[in-house]
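Subject: the model you asked about

Hi,

Here is the structure, so open it up and keep it beside you while you read. My notes on what turned up follow below.

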Amino acid sequence: MADAWAAALEEQKETEATGPAAPPQAGGAQPKPGTGARGAAAGQAAPVQPEDFSDLETPAASDVNLELVLDVPVTIAMEIGRTRIPIRNLLQLNQGSVVELDRLAGEPLDVLVNGTLVAHGEVVVVNEKFGIRLTDVISPSERVRKLR
C-alpha cells in the first residue's frame with residue numbers, strides 16, 4: 001500500500017515538473033514522452049487511431065424485450081365524427097343543441113391510440129355499457145404511410 005502511494009506521489013512530482021500530460025489516446029495507446037501540449041505545438045503530435053467498434057453486436061429484432069413497454073399506459077379514444085364551426089356558433093350552443101358531424105349514420109368509428117388512428121369499429125352495448133367491436137385494424141406500414 002505504501003509503495004502505491006509513493007509511486008503516485010513520484011508521478012505527481014514528475015507531472016508538476018514537466019507540465020500536464022496529454023489525455024490517453026483512443027485504443028488505449030499512451031502518448032510518447034514529450035508529445036503532450038508542448039510536443040503538439042512543435043508539430044510532433046502522434047496520430048490518433050479511431051476506435052474499432054466492429055466487434056460490438058447490435059440486438060436482433062427478435063431479441064427486443066417487450067416486457068419493458070407492456071405496462072406503459074396509453075390513451076385510447078373512439079371518434080364518431082368531427083366538424084368545424086365558427087366560435088360564434090360554438091358560443092350559441094346550449095342544452096338540446098344538435099351539432100352535425102362529418103360522418104353518415106352507420107359508418108365505422110375511428111379508434112385512436114394517443115391520437116394515432118389504429119382501427120375502425122362499431123358501437124356495441126355490453127352489460128349496459130358502451131363498447132366497440134373492431135372491424136378493421138390499420139397495419140403498421142399503413143400507419144407509417146399516413147404520417148408522411
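One term before anything else: a polar contact here is a pair of N or O atoms within 3.5 Å, where within protein one must be able to donate a hydrogen and the other to accept it. With that in hand, the side chains of E79 and R82 are joined by a polar contact of 2.9 Å. Please keep in mind that this is a predicted model.

The overall picture

The protein has four helices and four strands. Going along the sequence, the order is α-α-β-α-β-β-β-α. Of its 148 residues, 11% are buried. The accessible surface comes to about 13,100 Å², with carbon and sulfur atoms supplying 57% of that. If you look at contacts with a separation of 6 or more, 28% of them are between residues 24 or more positions apart.

The strands

How do β1 and β2 run relative to each other, parallel or antiparallel? They are antiparallel, and four bridges join them. One pairing to look up is I76, whose bridge partner in β2 is V113. On to the next pair: β2 and β3 are also joined in the antiparallel sense, over five bridges. Here L109 has G121 in β3 as its bridge partner. These two strands, β2 and β3, make a hairpin with two residues between them, and N114 in the turn has a positive phi of about 50°. As for cover, strand β2 (residues 109-113) is mostly hidden, with four of its five residues buried.

Two residues worth clicking on

Start with E79, which sits in strand β1. Is E79 buried or exposed? The cut-off for buried is under 20% relative accessible area, and E79 counts as buried because its value is 17%. Besides the R82 side chain that E79 meets at 2.9 Å, and leaving aside neighbours within four places in sequence, E79 is in contact with R103, L109, D110 and L112.

Then go to H120, in strand β3 (residues 116-126). H120 has 19% relative accessibility, so this residue counts as buried too. Which side chain does the side chain of H120 make a polar contact with? That would be D110, at 3.0 Å. D110 is also on the contact list of E79, so to speak a handy landmark when you move from one residue to the other. Leaving aside neighbours within four places in sequence, H120 is in contact with P108, L109, D110, V111, R133, L134, T135, D136 and I138. If you want a distance to check in your viewer, the C-alpha atoms of H120 and E107 are 9.4 Å apart, with these positions 13 residues apart along the chain.

The loop after β3

The loop between β3 and β4 (129-137) holds N127, and E128 is in that loop as well. Both have positive phi values in a residue other than glycine: near 50° for N127, and near 65° for E128. Are they buried or exposed? N127 is exposed, with a relative accessible area of 72%, and E128 is exposed, with 81%.

A patch on the surface

Last stop: V64, L66, L68, V69, L70 and V72 form a nonpolar patch on the surface. Together these residues have about 620 Å² of accessible area. To find the patch, go to V64, in the loop between α2 (37-41) and β1 (76-79).

Shout if anything here is unclear.

Cheers

How values were computed
Residues are numbered from 1 along each chain as its sequence is written. This is a predicted model: local features need pLDDT of at least 70, side-chain atom pairs count only at pLDDT 80 or more; totals for chains, interfaces and linings use all residues. Side-chain values use heavy atoms; hydrogens and water are left out. Patches are made of residues with over 30% relative accessible area and no salt bridge: like charges are joined within 9 Å, nonpolar side chains (Val, Leu, Ile, Met, Phe, Trp, Tyr) within 5 Å. Accessible areas come from the Shrake-Rupley method with a 1.4 Å probe; for residues, only the protein chains shown count as cover. A salt bridge is a side-chain nitrogen of Lys or Arg within 4 Å of a carboxyl oxygen of Asp or Glu. Buried means under 20% relative accessible area, exposed over 50%, partly exposed in between (1.4 Å probe, protein chains only). Contact means heavy atoms within 4.5 Å. Two strands pair if DSSP finds at least two bridges between them.
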